[in-house]
Amino acid sequence: MSLDLESLKVQGVKINYFFICKRKLWLFDKGITMEQNNDRVLAGKLIHEDSYSRATNKEVLVDNLLQLDIIDGEYVREVKISSRMQKADQMQLYYYLYYLKKMGIEKKGKLNYVKERRQEELLLTEDKENEVESVLLDIKSLTEEEKPPKVTKLSYCSKCAYYEFCFSQEEE
Ligand code: SF4
């Protein structure tokens, strides 16, 4: 598959949300953001700031769209608190590698799980490129929907910044 990235490109966080909760992705896409008030998000930001404090290429903005945590030689590194959302983390990083490749920059990925003191190396294969493209198409369809996907109770909901928004609406 070869798609027109220009018309489908999104922020990396949307790839992450696609795998966490499609309703969350839809709400975020519409500018309904509550993450800045969420303690988990604040904790994540502090860990980001503390981790790799000596790294020089931190929080690198690419194409005014992607916010890469760290570029370290041949690697793009993403810092995460834990591997609880591993698939979402992996796909976000595969998307970064895919995007950079389209710009003519080939990198490997490394996920750094801070709590677990564990790293995972990711290589962008053709299969993963296809998977990224398929997700981009799905995100476009989803965000073009007029209404958000219905609330589905997930184990993640109680930690989600949209929790009150989702569940108070449901109870009305
Ligand atoms: S509270 Fe649950 S259903 Fe609502 S956006 Fe968050 S994860 Fe999705």
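So, the ligand: the space it takes is the second largest pocket. By pocket I mean an open set of points on a 1 Å grid over the protein atoms alone, with protein on both sides within 12 Å along at least five of seven lines, and the ligand sits there if more than half of its atoms lie within 2 Å of the grid points. Bear in mind that this is a predicted model, where local features need pLDDT of at least 70, side-chain atom pairs count only at pLDDT 80 or more, and totals for chains, interfaces and linings use all residues. Residues are numbered from 1 along each chain as its sequence is written, and side-chain values use heavy atoms, with hydrogens and water left out.

Who's around the ligand, with a heavy atom within 4 Å? Among them are Cys 21, Lys 24, Cys 157, Cys 160, Cys 166 and Phe 167. The shell splits into nine nonpolar residues, one polar and one charged, counting Tyr, Cys and Pro with the nonpolar ones and Asp, Glu, Lys and Arg as charged. Helix α7 gives the largest share, three residues; helices here are DSSP runs of H or I, at least four residues, and strands are E runs of at least two.

Now α3. Six of its eight residues are buried, so α3 is largely enclosed by the rest of the structure. Buried means under 20% relative accessible area, with a 1.4 Å probe and protein chains only. Lys 24 is one of those buried residues, as is Trp 26. Just after α3, Gly 31 takes a positive phi of about 85°.

Last bit: Val 132 touches Met 91, Tyr 94, Tyr 95 and Tyr 98, leaving aside residues up to four places away in sequence. Touching is heavy atoms within 4.5 Å.

Terms used
Near = heavy atom within 4 Å. 1 Å grid on protein atoms, 1.4 Å probe; cavity = no way out; pocket = protein on both sides within 12 Å on 5 of 7 lines; lining within 4 Å. Buried < 20%, exposed > 50% of the residue type's maximum accessible area, 1.4 Å probe, protein only.
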